[in-house]
Amino acid sequence: MREVRLVDRGSREKYSVQRLGEFVARCRKRGIAVTPQRLAVIGSLLASENHPSTDELCAAVRRKHPHVSLATVHRILEQFCEVGEARKVTLLHDVARYDGNMEPHHHVLCVRCRRVHDIEIPEVDKLLEGTPSLGEFALLRCSLEIEALCKRCQLAEKRTPAKHHTTSIRDL
């Protein structure tokens, strides 16, 4: 059994370089114009470590292309989702966030700071392998979301006096 592991920076960077290298060819094959804005959006998305929102991606893109509008970034992201260049990771009660990693993987979410990290769990991927449907639902893909408390928030919680402790679901 392979161990469950967070996708590390080295793996993510290697994947990003590969995806960027093939991006232009995939766009041309699909009849999508390769514009500086699209290149900036996919580059910023793949460089992000935290599944950014449209606003966060727009801010990153504007560092190199200050005149790109939020609406343009949003349209590009939606187009990327439609053609398989990105996917939406919309967490419960959260804004849409985007992921440039199109390989099968799952997510671990810090319930306090809302950071999201990719996690590989090969056994989960194999669980539904060869299963075309679940009752009336045609199976498309599987993505597990794990709620946790990241190391940074754990440390902050230890420094916070008990009287300021946040209410958990068990306390309700």
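**Salt bridges and strands: a short conversation**

Student: Which residue's side chain does K88 meet in a salt bridge?

Tutor: Keep in mind that this is a predicted model. A salt bridge needs a side-chain nitrogen of Lys or Arg within 4 Å of a carboxyl oxygen of Asp or Glu. For K88 the N to O distance is 2.9 Å, and the partner is E78.

Student: Where does E78 sit, if K88 is in strand β2?

Tutor: This pair links distant parts of the chain, 10 residues apart. K88 is on the strand, while E78 belongs to helix α4.

Student: Is K88 buried, partly exposed or exposed?

Tutor: Buried means under 20% relative accessible area and exposed means over 50%, with partly exposed in between. K88 has 41% relative accessibility, so K88 counts as partly exposed.

Student: Which residues of β2 point to the buried face?

Tutor: Let's walk along the strand, residues 87-90, where the side chains alternate. K88 and T90 point to one face and are not buried. The buried ones, on the other face, are R87 and V89.

Student: What is the bridge partner of V89 in β3?

Tutor: Strand β3 covers residues 96-99, and β2 and β3 run antiparallel. They are joined by 4 bridges. In β3, V89 is partnered with R97.

Student: How far apart, N to O, are the side chains of D99 and R87 in their salt bridge?

Tutor: D99 lies in strand β3 and R87 in strand β2, 12 residues apart in the chain. D99 is buried at 4% relative accessibility, and R87 is buried too, at 11%. Their side chains meet at an N to O distance of 3.9 Å.

Student: Which residue forms a salt bridge with E85 at 2.7 Å?

Tutor: E85 is in the loop between α4 and β2, and its partner is in helix α1, so the pair ties together parts that are 55 residues apart in sequence. E85 counts as buried at 1% relative accessibility, whereas its partner is partly exposed at 38%. That partner is R30.

Student: How many salt bridges does a search of the whole structure find?

Tutor: We have met several already, including K88 with E78 and E85 with R30. Some salt bridges share partners, and these join R19, E22, R26, R30 and E85 into one network. Over the whole structure, the number of salt bridges is 8.

Methods. Residues are numbered from 1 along each chain as its sequence is written. This is a predicted model: local features need pLDDT of at least 70, side-chain atom pairs count only at pLDDT 80 or more; totals for chains, interfaces and linings use all residues. Side-chain values use heavy atoms; hydrogens and water are left out. Buried means under 20% relative accessible area, exposed over 50%, partly exposed in between (1.4 Å probe, protein chains only). Helices (H or I, at least four residues) and strands (E, at least two) are DSSP runs, numbered from the N terminus. Two strands pair if DSSP finds at least two bridges between them.
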